[in-house]
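Subject: Structure handover

Hello,

I am passing on the structure we discussed. Please look it over; my notes follow below it.

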Amino acid sequence: MPQNRYFIIYKPFGILSQFSGDANTLKELGDFPSDVYPVGRLDKDSEGLLLLTNDKSLNHHLLNPRFAHKRTYLAQVEGIPTSEAITQLENGVEINVDGKMYHTKKAKALLLEEEPILPPRNPPIRYRKNVPDSWIELNLIEGKNRQVRKMTAAVGFPTLRLVRYAMEDLLIAGYEVGEISEFDKKSIYELLKIT
């Protein structure tokens, strides 16, 4: 029986969360075993923590909404969100998911006082000197398609840069863009709080 493998990568901006296709895929980041796939997706415009594994039960556990595992996102948004906007994000907002309106589950949202320490994005976001920007931290227990972007837009603060920073206690703090590390099963299950 093949051994389960677990890779954490800092997915760069502009790379698709897949191996198939000609350009800008995970193939460009490293030589992974052929049976390893991303758990969940980060869209092309998002960056940060991506877990690749061939462990089907872990994949099921992380993607099944019933288990409600926590994902932490850092979003650089246009403007400076009001306390009302932060409360709206926490209580859930209406977003469009596959053509139907969906009310997001309760979340934790925090306006950060300082810019988080992250590797620079390539290319950088477009800077506009007369429009301030700020960073918010969002903790979600669900992962609808482009959910964070839709949520911040729904409260009037469009996302400029989006980084998945953590899944439970598994963090990409200190990683460089495109960096890969391999974990053993015990460590990954502990960090993801899977018993």
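Helices (H or I, at least four residues) and strands (E, at least two) are DSSP runs, numbered from the N terminus. In that scheme Met167 is found in strand S9. Please keep in mind that this is a predicted model.

Met167 and its contacts

Is Met167 buried or exposed? Met167 counts as buried because its relative accessible area is 3%, and buried means under 20%. Setting aside neighbours within four places in sequence, Met167 is in contact with Leu49, Leu51, Leu62, His69, Lys70, Arg71, Leu191 and Leu192. From Met167 to Phe32 the C-alpha distance is 21 Å, with the two positions 135 residues apart in sequence.

Annotated span and helix H3

For residues 6-154, UniProt lists "domain: Pseudouridine synthase RsuA/RluA-like", in an unreviewed entry. In the model this span is 17% helix and 30% strand, and its end C-alpha atoms lie 35 Å apart.

Helix H3 covers residues 147-154, and Gln147, Val148, Arg149, Met151 and Thr152 are buried in it. Which elements do the buried residues of H3 pack against? They pack against strands S3 (46-53), S4 (71-78), S5 (94-97), S8 (133-140) and S9 (159-167), and against helix H2 (83-91). After H3 comes Gly156, which has a positive phi, near 90 degrees.

Largest pocket

The largest pocket holds about 530 Å³ of space. It is lined by 29 residues, of which Arg41, Arg71, Tyr73, Gly143 and Lys144 are the closest to its centre. Helix H1 (56-63), S4, H3 and S9 each supply at least two residues of the lining. Two of the residues closest to the centre also appear elsewhere in these notes: Arg71 is among the contacts of Met167, and Lys144 lies over the face of Tyr102, at 4.8 Å from the ring centre.

Aromatic rings

Another charge over a ring is that of Arg121, which lies over the face of Phe13, at 3.8 Å from the ring centre.

The structure holds 3 aromatic pairs. In one of them, Phe7 and Phe32 are edge-to-face, at 5.3 Å centre to centre and with 80 degrees between the planes. This pair links distant parts of the chain: Phe7 is in strand S1 (residues 6-11), and Phe32, 25 residues apart from it, is in the loop between S1 and strand S2 (37-38). Both Phe7 and Phe32 are buried. Together with Phe19, Phe7 and Phe32 form one aromatic cluster.

Pro132 and Ser134

Pro132 lies in the loop between strand S7 (108-111) and S8. Pro132 has 44% relative accessibility, so it counts as partly exposed. Not counting residues up to four places away in sequence, Pro132 touches Val77, Glu78, Gly79 and Ile80. The C-alpha atoms of Pro132 and Gly79 are separated by 5.1 Å, although the two residues are 53 apart along the chain.

Ser134 is found in strand S8. Its relative accessibility is 9%, so Ser134 counts as buried. With residues up to four places away in sequence again left out, Ser134 touches Ala75, Gln76, Val77, Gly79, Ile80, Pro81 and Leu111. Val77, Gly79 and Ile80 are thus touched by Pro132 as well as by Ser134. Asp22 is 112 residues from Ser134 along the chain, and their C-alpha atoms are separated by 35 Å.

Regards

Note on methods
Residues are numbered from 1 along each chain as its sequence is written. This is a predicted model: local features need pLDDT of at least 70, side-chain atom pairs count only at pLDDT 80 or more; totals for chains, interfaces and linings use all residues. Side-chain values use heavy atoms; hydrogens and water are left out. Rings of Phe, Tyr and Trp (its six-membered ring) pair if their centres lie within 6.5 Å; planes under 30 degrees apart count as stacked, over 60 as edge-to-face and the rest as tilted. Buried means under 20% relative accessible area, exposed over 50%, partly exposed in between (1.4 Å probe, protein chains only). A charge sits over a ring if NZ of Lys or CZ of Arg is within 6 Å of the ring centre and within 35 degrees of the ring normal. UniProt positions are given in the numbering used here, feature names are shortened, and annotations may be inferred rather than shown by experiment. Contact means heavy atoms within 4.5 Å. On a 1 Å grid over the protein atoms alone, a cavity is a set of points where a 1.4 Å probe fits but cannot get out, and a pocket is an open set with protein on both sides within 12 Å along at least five of seven lines; lining residues have an atom within 4 Å of a point. Grid points are joined across faces, edges and corners, and a volume is the space filled by probe spheres set on the points.
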